[in-house]
Amino acid sequence: MKRPSSENVFHFLKGGFGLLISVGVVFIGLDNKCPLQPQLPFWSLGTSVFLFLGNLSSLIFKNVSAVKSQLMNIKKDHRDIGRFLDHFHGFFYSTFLIWVIPGFQWVYSSYQSNKYKSCDSTVQRLSLLLLSVLFLEVVLRSIHFGYTLIRTISKSKVPRPVSPKANEIENKRNDDDVLSRRKLTVKKSQTSISTEELDKEVSKLANQVRRLSKAPESEEIQLYPLTM
């Protein structure tokens with residue numbers, strides 16, 4: 001039997017926590033439970049429902065084969081819709097973040113003393129628990145991101161072990177380079193030798209021509225045959 005991944009367990013726990021909080025808020029009621037901060041019960045309900053639906057959808061899209069295949073077909077046949085679905089996850093959690101931010105002030109204000117207004121203790125505790133869990137998740141994700149980043153950087157600096165086959169290929173390449181350099185050196189030396197011999201023959205021919213031009217007509221001139 002295949003064990004569930006840690007990501008699935010994490011989504012399941014968060015979704016279950018959001019469901020419990022939403023049920024608790026609905027059970028104690030929403031109206032006139034916190035006159036000091038009337039928005040707080042509705043914020044707690046909305047945040048917990050957001051949490052439940054977001055993690056439930058993640059579990060469905062990542063684990064249900066029929067949904068995964070249908071999603072792949074939509075991305076293949078309708079690219080515009082596929083791009084929208086790719087960005088929907090980020091849009092959902094961005095909206096969720098905007099929704100959560102006012103909760104900090106409302107939870108804090110619900111604990112302030114007031115002679116004329118008060119807040120139900122159950123609403124206070126559920127809201128504080130919900131906000132604490134969300135804040136803890138952000139901190140843990142930040143730590144995990146930093147750890148992963150440092151680990152990736154440290155791994156990139158460590159030289160990778162080279163396989164024997166790669167060593168053999170590298171050695172062969174080096175031998176080929178050395179051989180080609182030797183061939184080039186030999187070719188250059190042969191070319192230089194041929195050039196020197198040609199210069200010698202040209203100088204001999206020039207001397208013979210010079211002697212012919214200076215000698216009298218009756219004088220016999222001995223010509224040296226060219227050795228080219």
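Among contacts in the chain between residues at least 6 apart in sequence, 73% join residues at least 24 apart. Contact here means heavy atoms within 4.5 Å. The model is predicted, so local features need pLDDT of at least 70 and side-chain atom pairs count only at pLDDT 80 or more, while totals for chains, interfaces and linings use all residues. Residues are numbered from 1 along each chain as its sequence is written, and side-chain values use heavy atoms, with hydrogens and water left out.

The chain holds 6 helices and 0 strands. From the N terminus on, its elements run α-α-α-α-α-α. Helices (H or I, at least four residues) and strands (E, at least two) are DSSP runs, numbered from the N terminus. Of the 228 residues, 20% count as buried. Buried means under 20% relative accessible area, exposed means over 50%, and partly exposed lies in between (1.4 Å probe, protein chains only).

Helix 1 has 23 residues. From first C-alpha to last, helix 1 reaches 33 Å, close to the 33 Å expected at 1.5 Å a residue. The expected span is 1.5 Å times one less than the number of residues. Buried residues of helix 1 are N8, H11, K14, G15, F17, G18, I21, S22, G24 and V25. Their cover includes helix 2 and helix 5. G29 follows helix 1 and has a positive phi, near 100°.

The largest nonpolar core has 18 residues. Such a core is a set of buried Ala, Val, Leu, Ile, Met, Phe, Trp, Tyr and Cys residues joined through side-chain atoms within 4.5 Å. L40, W43 and L130 have the most contacts inside the largest core. Helix 1 (6–28), helix 2 (40–63), helix 4 (79–110) and helix 5 (121–157) each supply at least two of its residues. Helix 5 gives the most, with 5 residues. Leaving aside neighbours within four places in sequence, W43 is in contact with W99, V100, G103, W106, V107, S127, L130 and L131.

L51 lies in helix 2. L51 counts as buried because its relative accessibility is 6%. Residues up to four places away in sequence are not counted among its contacts, which are K14, G15, F17, G18, F96, L130 and L134. L51 and F17 are 34 residues apart in sequence. In space, 8.2 Å separates the C-alpha atoms of L51 and F17.

K14, one of the residues touched by L51, lies in helix 1. At 9% relative accessibility, K14 is also classed as buried. Beyond residues up to four places away in sequence, K14 touches L51, N55, E137 and R141.

K14 appears again at the largest pocket, where F10, K14, E137, V138 and R141 are the closest to the centre among 25 lining residues. The volume of this pocket is about 720 Å³. Rolling a probe the size of a water molecule over the atoms shows where empty space is left. On a 1 Å grid over the protein atoms alone, a pocket is an open set of points where a 1.4 Å probe fits, with protein on both sides within 12 Å along at least five of seven lines; lining residues have an atom within 4 Å of a point. Grid points are joined across faces, edges and corners, and a volume is the space filled by probe spheres set on the points. Helix 1, helix 2, helix 4 and helix 5 are the elements that give two or more residues to the lining. Helix 5 gives the most to this lining, with 9 residues.

The structure holds 1 disulfide, a term for a pair of cysteine sulfur atoms within 2.5 Å. The bond joins C34 to C119, with an S to S distance of 2.0 Å. The pair links distant parts of the chain, 85 residues apart. C34 sits in the loop between helix 1 and helix 2, and C119 in the loop between helix 4 and helix 5. The torsion about the S-S bond is about -115°, so the disulfide is left-handed. C34 is buried, with a relative accessible area of 2%. C119 counts as buried at 13% relative accessibility.

S110 touches both cysteines, C34 and C119. Its other contacts are L36, Q37, L40 and Q124, again not counting residues up to four places away in sequence. S110 is placed in helix 4. With a relative accessible area of 2%, S110 is buried.
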